[in-house]
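Open your viewer, switch to a cartoon view, and keep the selection panel handy. We will go from stop to stop, with a short look around at each one.

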Amino acid sequence: MEKCGTNKERELVERPFKFIIDAEDIVKAVLNPSNMEISLKKIEGPLKLQGTAAYGVSHEMDHLLGSHFFEAKALWEFKYRFEQ
Ligand SMILES: [Zn+2]
């Protein structure tokens with residue numbers, strides 16, 4: 001289940017666990033909340049991402065490519081079943 005931007009509900013979306021991405025310019029940003037500093041570093045691709053990073057990038061690529069959640073399912077599409 002994921003939530004996007006100003007959407008009020010979460011949606012069920014199938015995302016990859018692994019994702020490989022490359023670009024001409026890649027900047028790695030590391031945010032340090034204790035000293036309020038963001039460190040930036042240019043890195044080389046391709047990047048092989050897994051887990052949260054993989055489906056986060058997949059989500060953002062959907063925005064860039066205009067294929068935004070075409071197969072998303074809303075919470076109310078689920079069937080509710082009470083356990084006895
Ligand atoms: Zn989004």
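In which loop does M36 lie? Select M36 and you will find yourself in the loop between β3 and β4; helices (H or I, at least four residues) and strands (E, at least two) are DSSP runs, numbered from the N terminus. Before going further, two notes on the ground rules. Residues are numbered from 1 along each chain as its sequence is written. This is a predicted model, in which local features need pLDDT of at least 70, side-chain atom pairs count only at pLDDT 80 or more, and totals for chains, interfaces and linings use all residues.

**Stop 1: the hairpin turn**

Stay on M36 and check its backbone: phi is positive, about 55°, although M36 is not a glycine. Most residues other than glycine have a negative phi. The hairpin of β3 and β4 has four residues between the strands. M36 is exposed, with 7 other C-beta atoms within 10 Å. Here a residue is buried if 20 or more other C-beta atoms lie within 10 Å of its own, exposed if 12 or fewer, and partly exposed in between, with C-beta atoms placed from the backbone.

**Stop 2: the two strands**

Now select residues 26–32 for β3 and residues 37–43 for β4. The two strands pair in the antiparallel sense over seven bridges; pairing requires that DSSP finds at least two bridges between them. Click I38 in β4, and you will see L31 standing opposite. Leaving aside neighbours within four places in sequence, I38 is in contact with A29, V30 and L31, where contact means C-beta atoms, placed from the backbone, within 7 Å. I38 is exposed, with 9 other C-beta atoms within 10 Å. The strand as a whole is hardly covered: the count of buried residues among the seven of β4 is zero.

Try colouring by pLDDT, the predictor's confidence in each residue, from 0 to 100. Among the elements of the chain, β4 has the highest mean, 98, and β6 (residues 73–74) the lowest, 88. The chain averages 92, and 96% of its residues reach 70 or more.

**Stop 3: a cis bond**

Move on to P46, in the loop between β4 and β5 (47–50). Show the backbone atoms here: a cis peptide bond joins G45 and P46, with omega about -5°.

**Stop 4: the helix**

Select residues 52–65 to bring up α1. Its 14 residues should span 20 Å at 1.5 Å a residue, and its end C-alpha atoms are 20 Å apart, which agrees; the expected span is 1.5 Å times one less than the number of residues. Just after α1 comes G66, with a positive phi near 75°.

**Stop 5: distances and the whole chain**

Draw a line from A23, in the loop between β2 (18–21) and β3, to H59: their C-alpha atoms are separated by 17 Å. A second line, from I38 to E83, covers 48 Å, C-alpha to C-alpha.

Finally, zoom out. The elements run β-β-β-β-β-α-β from the N terminus on. The radius of gyration, taken over C-alpha atoms, is 17 Å, well over the 12 Å that the globule rule gives for 84 residues, so the chain is more spread out than a compact globule; that rule is 2.2 Å times the number of residues to the power 0.38. Along the principal axes, the C-alpha atoms fill a box of roughly 55 × 30 × 25 Å. Buried residues make up 0% of the chain.

Notes
Two residues are in contact if their C-beta atoms, placed from the backbone, lie within 7 Å.
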